[in-house]
Amino acid sequence: MPLVRGGKITDDAFVHVADDAPLPDDGAILISAARLLGDPEAISRRLGKTGVVWPNNRDVDDLVPYLDRLAVVALVFPTFRDGRAYSQARLLRERFLYRGELRAAGQVLRDQFVFMLRAGFDAFEVKKLADAEVFAQTTSRYSVFYQPTGDGRVTALNRRMQLRHSESAGL
């Protein structure tokens, strides 16, 4: 499955580990929410990076105590009509200040890609290579937005104010 990160199609260094499989000591892994919550100290014992696949029907408040130990949080879109992962992404970025990789997984569609970026996602598991190529191109297509969100982009108003300040300062 192609992974789009930072506007480029990349290899996914993270390997999904089943709940009944032993955790490797090193290497980048993704584990389920159930496994994380069942033995949170397992993350501390590992040398490698750990990520979690967090379902959209679980409260992100349950995830907050472990955010500083997670390199990746993969939020799941079970169907394209279910947008709860958007809310989870915004909460993680804006309220809980999560700065690790926020990955969209499941039904990730190209129609929703810009909205996912705006919600704070920075990596995307897509099913088709053609979609991955479109996602990579779309990242650079939009540079200014009107509404502030969790993606950290400067809004049109802020950009305008920066330009005015630069002009008035003679820069």
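Helices are DSSP runs of H or I with at least four residues, numbered from the N terminus. In this predicted model, helix α6 covers residues 156-168. G170 follows α6 and has a positive phi, near 75°. The helix itself has 13 residues. From its first C-alpha to its last it reaches 18 Å, close to the 18 Å expected at 1.5 Å a residue.

The protein contains 6 helices and 8 strands. Along the sequence they follow the pattern β-β-β-β-α-α-β-β-α-β-α-β-α-α. The C-alpha trace spans about 60 × 35 × 30 Å along its principal axes. Of the 171 residues, 40% are buried. Contacts between residues at least 6 apart in sequence were also examined: 47% of them join residues at least 24 apart.

The 8 strands form an open sheet. Their order is β2-β1-β8-β7-β6-β5-β4-β3, and the pairing is mixed. Strands β2 (8-10) and β3 (15-16) are the edges, each pairing on one side only. Helix α3 packs on the sheet and touches β5, β6 and β7. The direction of α3 makes about 155° with that of β6.

Strand β6 (72-77) stands between β7 and β5 in the sheet order. Of the 6 residues in β6, 5 are buried. Strands β5 and β6 run parallel and are joined by 4 bridges. Two partner pairs illustrate this contact. V52 is the bridge partner of V73, and V53 is that of A74. On the β7 side, the pairing with β6 is also parallel, over 6 bridges. There, A74 stands opposite R103. From β6 the chain passes through α3 to β7, and this β-α-β crossover is right-handed.

The largest nonpolar core has 34 residues. Within this core, V73, F121 and F124 touch the most other members. Several elements each supply at least two core residues: β4 (29-32), α1 (33-38), β5, β6, α3, β7, α4 (113-119) and α5 (129-141). Beyond its neighbours within four places in sequence, V73 is in contact with V52, W54, L63, L67, L92, Y98, E101, L102 and R103. V52 is thus both a contact of V73 and its bridge partner.

Two loop positions were also examined. A71 lies in the loop between β5 (50-54) and β6 (72-77). A71 counts as partly exposed because its relative accessible area is 26%, which falls between the 20% and 50% limits. Its contacts, leaving aside neighbours within four places in sequence, are F14, K49, T50, Y98, G100 and E101. Y98 and E101 appear among the contacts of A71 and also among those of V73. The C-alpha atom of A71 is separated by 8.8 Å from that of A28, a residue 43 places away along the chain.

L97 occupies the loop between α3 (84-95) and β7 (101-106). This loop belongs to the stretch in which the chain crosses from β6 through α3 to β7. L97 is exposed because its relative accessible area is 54%, over the 50% limit. Its phi is positive, about 55°, although L97 is not a glycine. Most residues other than glycine have a negative phi.

Notes:
Residues numbered from 1 in each chain as written. Predicted model: local features only at pLDDT ≥ 70, side-chain atom pairs only at ≥ 80, totals over all residues. Heavy atoms only, no water. Buried < 20%, exposed > 50% of the residue type's maximum accessible area, 1.4 Å probe, protein only. Contact = heavy atoms within 4.5 Å. Expected span 1.5 Å × (residues − 1). Pairing = 2+ DSSP bridges. Right-handed = clockwise from strand over helix to strand, strands pointing away. Core = buried A, V, L, I, M, F, W, Y, C linked by side-chain atoms within 4.5 Å. Axes fitted to C-alpha atoms, helices over the stretch in contact; angles between N-to-C directions.
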